[in-house]
Structure formats: C-alpha cells, structure tokens
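Me: I should like to learn how to read a strand and a ligand site in a model. May we go through them step by step?

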Amino acid sequence: MYEKKLRELFKKNKKKAEAALDSGDKSLAASHYESCGDILMEQAKKKRGKAKEEKEKIAEKYYEISKNLNGESDSLDDEDDKRKVKTGDDDDEDFSDYVDRFVQESDTTWDDVAGMTETKRDIKESFALSAIDDKPAAVQGIHTILMYGPPGTGKTLLASAVAGSHNYPFFNVQLSHALSKYYGESGKIVSQIFQAAREKAPAIVFLDELDSIAMSRGQDLDEATRRVLSTLLTELSGFDAKNSDIMFMGATNAPWDLDPAVLSRVERVIYVPLPDVDTARKIIELNTIDDGIGLNVDPQIIAQECVKHNYSGREIKNIAKEAVREMVNDMNPELQELATKPVDDIKEYELKVRQLTEDDFYKAFDHIDPKTSERDLKRYKEWGEEFGS
Ligand SMILES: Nc1ncnc2c1ncn2[C@@H]1O[C@H](COP(=O)(O)OP(=O)(O)OP(=O)(O)O)[C@@H](O)[C@H]1O
Ligand SMILES: [Mg+2]
C-alpha cells in the first residue's frame, strides 16, 4: 500500500518537474526533482544490498539534477534566472497559491451544531479566553486545542462554527492531502499556512488528521512526514506570544498515535463524544422537521435507538436522509418511469410526501451500520483518563 503510494507520488512529481521545465520554471522543476530523490531514498530504505544501492544511485541523480537547476552549477544562461532560483523567491509564490486553497469563509454558526452542550461550552470558553485582551498573567489564554473522538462526531463542524460565528478566515487543512500532494514540500506548506494565517489574523487554523503526521511509532515516520512534524512543533512552540490572534485547532480519531511532543504543546485536549439522546434528537430534527419533512413518530424514541447503537452525528444525519428517501420512494413509485419522460413533465410533477414513520427509520437503520464499537469507546475513555484535560 505504502509502496504503491510512493510509486504514484514519484510519477506525479516527475511529471510536474517535466511540465515545470517545459514552462521554463527551473526552480519549481528543481523542487519536484528533489522530491523525486526523496521518494527514491524512501524506497531504498525498504530494500537491501544491490537493489538498495541501485535505488540510492538513481536518487542521487535526481538530487544532482535538482541542484543544477537550482543554480548550484553554471548551466543557467540568464543572470536574472540565476538570482531568482538561488534565492528561492519563486517557491513562496508556488505554495501561496496552494495555501490559499485552504482558506474558507465559514458560514457555520453555533446554532448549526446541535446539542453537545458540554463540548461546545469547553470550546467557547477557550475561544473567549484567547480573545480577551486584558487578563491577569495567571489567567491563561487558550490558543491551541486538540479535539479527539470517533469519526463523524462534529469535530470539523465545531472548528468551522468557531470561525463562522466571528467571520474569521478558516484554514481547513486535511493533513494527509497536503502530505501526498507535495511530498517533500509539506513542511513548507505547513509553515506557509501559519504565515498566511498571521497575515489574515484573527484566524482559525484547523489541522485535521493530526495523527497522520504525528505517529508515536517513530520508526514508521518517513522523511517528509518528519519535516512536517518538526515544522508543526516549531509553529506550536511559543504559540501564544507569536500568534495571539490565531487559534489553532487540531483533530484526530486516533489520539494514541499522536506524537507526545505535539500533545505536550496543546493547551486543551477536548473529547468530542458520540451524541447523547438530546443531541441525537436535535440532529434528527435538523434534517427532517427543519428541512420541511414532519415526523409521525416521537423523535426521542428514534434518538434513543441511535444512542443505543452508537451512531455518530454523521451517521444519524444519514439515517434521517435515508428515512426521507424511503418515504419518497414509498409515496412516489412512478419516479423511475417519470425519468424517461420529457424534462418539462418531470419539472411539473407534484412530489407526494408524508410525515416520517417509525418504519421509515427502522429501514434506514438496516442500511446504515454504526462504525464505532464499544471497544473503540473504551479506548477513547482510557486514553482521555490519561491524557485529556
Ligand atoms: N452535533 C451535530 N449537530 C449537527 N450536525 C452534526 C453534529 N454532529 C455531526 N453532525 C453532522 O455530521 C457531519 C460530520 O461531522 P464532522 O465532519 O464535523 O465530523 P468529524 O468529527 O470532523 O468527523 P471525522 O473525524 O470523520 O473528520 C456534519 O457535517 C454534520 O452534518
Ligand atoms: Mg473532520
């Protein structure tokens, strides 16, 4: 799996290097060729003897090409080119485009996050403390939060609500994506994200899948990941002083894989649990009644059923959607046939709906299996008792 990923990354980088050369961007080409070298070195680690040597030799070739392109040889024709490549002016440009893609305007508000009273309170308090200007030294502002918990419990939603409720720019970064897209350059990307956030501050920096760069199983860490990790640690050290207008939020489903150094640098560790009955009921209502489909069943009963089976917020939302689909199909058996008619007829079709019944929900339960097991929950609990705050 990992091998395959490396091969694909290598191909991608080589293609990009060639394209950059074609367009005359030597500096970009150099950085892609350097990544090619890094990837080959990584592959070499998995080999022995002659095969290892071969790989390393090819890697060296790529490093050599990269160096040449970077002006460390005399092969560049143009003075201007040389200056540009040597100072690396271009690099920042290349990545700032990429980094800009992470910035979103969030329109999520606290009202969009159903229930979760305690978790919301924790996060709101941390945010308020970080924003208050005038506080005694003994009152610590919280600028770095780690959220952990099962998938689909609203971690991303919470971060987006913090940003949206104050119209702060929201840097929403899927770390595995940043890692695979610019293998070997991801360290730079992380530091540029923080740089861009400082420029646009006040802002929220949200790094998702924090475990993908910070595995405590040190030996599995490849070179590129190690670089991202050390960049992140640098950014997080002295965070308060440097970034008083930035709030850092990290999220993970696997807190036990986190690097202890990352963990020690976050000021607040918050568990985002599976929904309780109240939260589950509100998520159901949000996706039915609030969206124009009534209920002919007590939502409390459906919510209790959801909690009993360990459904996450995302799964409950999907259950509501599936129940609606069951109802629509039940009420409109002619939909398939309708699809073959002229589009004007389809547009004028009057969709028949009714309130959702217990039966619709039970059919939905059959289609959606909860991902989180009792064993997972136990693991979160044990980890939280040791490391949570
Ligand atoms: N408390 C909630 N209120 C409203 N919607 C919720 C809630 N919890 C989850 N959801 C729904 O589930 C979706 C998934 O939530 P989100 O992406 O925030 O989960 P996550 O914890 O970040 O998951 P992952 O760990 O997989 O990244 C949300 O977009 C939302 O539609
Ligand atoms: Mg998420």
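Me: In this predicted model, which residues lie on the two faces of S4, and are they buried or exposed?

Reply: A residue counts as buried if 20 or more other C-beta atoms lie within 10 Å of its own. By that criterion both faces of S4 are covered. One side carries Ala203, Val205 and Leu207, the other Ile204, Phe206 and Asp208, and all of these are buried.

Me: What follows for strand S4 as a whole?

Reply: Six of the six residues of strand S4 (residues 203-208) are buried, so the strand is largely enclosed by the rest of the structure.

Me: Which strands pair with S4, and in what sense?

Reply: Pairing is read from the bridges between two strands, of which at least two are required. Strand S3 (residues 169-174) runs parallel to S4 and is joined to it by five bridges; here Gln174 stands opposite Asp208. Strand S5 (residues 246-252) also pairs with S4 in the parallel sense, over five bridges. Within S5, Met249 is the bridge partner of Phe206.

Me: Turning to the ligand, how many residues surround ligand 1, and which are the closest?

Reply: A residue joins the shell if its C-beta atom lies within 6 Å of the ligand. Around ligand 1 there are 19 such residues, the closest being Gly154, Lys155, Thr156, Leu157 and Gly313. By character, the shell comprises seven nonpolar, eight polar and four charged residues.

Me: Which helices and domains supply this shell?

Reply: Helices H7 (155-164), H13 (277-286) and H15 (313-331) each provide at least two of its residues. Domain 2 (103-274 + 382-387) and domain 3 (277-371) each contribute at least three.

How values were computed. Residues numbered from 1 in each chain as written. Chains lettered and ligands numbered in written order. Predicted model: local features only at pLDDT ≥ 70, side-chain atom pairs only at ≥ 80, totals over all residues. Buried ≥ 20, exposed ≤ 12 C-beta atoms within 10 Å, placed from the backbone. Helix = DSSP H or I, 4+ residues; strand = E, 2+ residues; numbered from the N terminus. Nonpolar A, V, L, I, M, F, W, Y, C, P; charged D, E, K, R; others polar. Domains from an automatic or database assignment.
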